[in-house]
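Visitor: Please examine one part of this model closely, and then follow its surroundings outward in a connected account.

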Amino acid sequence: MGTAPIAIALDSREIEDLREWIAQTREIVSTLKIGLETFYRIGADAIDLVRESGCDLFLDVKLHDIPNTVAGAASALARYSPKYLTVHASGGSEMVRAACAALPETYITAVTVLTSLDDQVLREVGICTPAQDTVLRQAASAVEAGARAIVCSPHEVSRVRSEVGVDIVLITPGVRPAGAAPDDQKRVMTPVEALAAGADLLVIGRPITGAVNINSAALAIAQEIDRS
Ligand code: C5P
């Protein structure tokens, strides 16, 4: 397990990719993230690889259902002892509380408004408050219900920090090293900028996993962070 505050997004359909990425980065980064696609395609084998790596497991399966069902799903995931497990903050405080009660050792991590949604899309689904205000409201409500970490855009992180205080872990995707391709991320920050804005853990996928030399790509970001 490394010390860089990076969660590598292990997004692939091939378990061989995961093996390679983990071997190249496990001594650099603190955390490895399994998301929905990898979880549904590869399942527990992917999780086992992360557990064997010694890095923290970030299980990004974004639970969202009635509180009783979320409690059942969270308890079913207890066997993997994830450090972080994501739930949608929009599932409401009772749902977040149910997840926290089911997995007390895990940082239940509330995902606020997805960065793919803007004010117009939110209005389409009946949410008429501006996205920024909704993020703050959801973060406050999730923390009140026991969430110990929040996922938000790097552009929201300083306002979320003021809302929830210093003890909550703020996790940000949408991070790109200076000069890297944004891929489909729209409003990006560099790792150093995101940390300076108040993020504790940076989710980074393709700038590392898509690099020709994965180890060097991860090391370069870790060194950039160290120098800042
Ligand atoms: O490859 P990239 O660095 O864009 O990967 C970002 C990761 O963070 C992906 O696993 C993506 O699903 C996740 N994510 C995101 N934006 C959010 C929440 C999660 O990009 N708002």
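Guide: E156 touches Q132 and V135, leaving aside residues up to four places away in sequence; contact here means heavy atoms within 4.5 Å. The model is a predicted one, in which local features need pLDDT of at least 70 and side-chain atom pairs count only at pLDDT 80 or more, while totals for chains, interfaces and linings use all residues. Residues are numbered from 1 along each chain as its sequence is written, and side-chain values use heavy atoms, with hydrogens and water left out.

E156 belongs to the loop between β6 and α8; helices (H or I, at least four residues) and strands (E, at least two) are DSSP runs numbered from the N terminus. With a relative accessible area of 8%, E156 counts as buried, a term for values under 20%, against exposed for over 50% and partly exposed in between, using a 1.4 Å probe and protein chains only.

Helix α7 (residues 131–144) packs with helix α8 (residues 157–164) at an angle of about 35°, and their axes are 9 Å apart. Axes are lines fitted to C-alpha atoms, for helices over the stretch in contact, and angles between N-to-C directions run from 0 to 180 degrees. The crossing of α7 and α8 is right-handed, that is, the near helix is turned clockwise from the far one by less than a right angle, whereas anticlockwise would be left-handed. On the α7 side the contact involves Q132, V135, L136, A139, A140 and V143, and on the α8 side R159, V160, E163 and V164. By class this contact comprises seven nonpolar, one polar and two charged residues; Ala, Val, Leu, Ile, Met, Phe, Trp, Tyr, Cys and Pro count as nonpolar, Asp, Glu, Lys and Arg as charged, and the others, Gly among them, as polar.

Helix α8 also lies across β6 (149–151) and β7, running at about 160° to β7. Strand β7 (residues 169–172) is joined to strand β8 (residues 201–204) by two bridges, and the two run parallel; strands pair if DSSP finds at least two bridges between them. One bridge partner in β8 is L202, opposite T172.

These strands belong to a closed barrel of eight, ordered β1-β2-β3-β4-β5-β6-β7-β8 with parallel pairing. Neighbouring strands of the sheet are turned by 25° against each other on average, direction ignored.

Elsewhere on the sheet, helix α4 (residues 67–77) touches β3 (56–63) and β4 (84–88), and its direction makes about 155° with that of β3. Three bridges pair β3 with β4 in the parallel sense, and L59 has L85 as its bridge partner in β4. Five of the five residues of β4 are buried: Y84, T86 and H88 point one way, and L85 and V87 the other.

Helix α4 packs with helix α5 (residues 93–102) at about 25°, with axes 8 Å apart. The two are therefore roughly parallel, the class for angles under 35 degrees, with over 145 roughly antiparallel, 65 to 115 roughly perpendicular and the rest oblique. The crossing of α4 and α5 is right-handed.

Finally, L202 of β8 has a further neighbour: I225 touches it, along with P5, I6, P191, V192 and L195, not counting residues up to four places away in sequence. I225 sits in helix α11 (residues 214–227) and is buried, at 11% relative accessible area.
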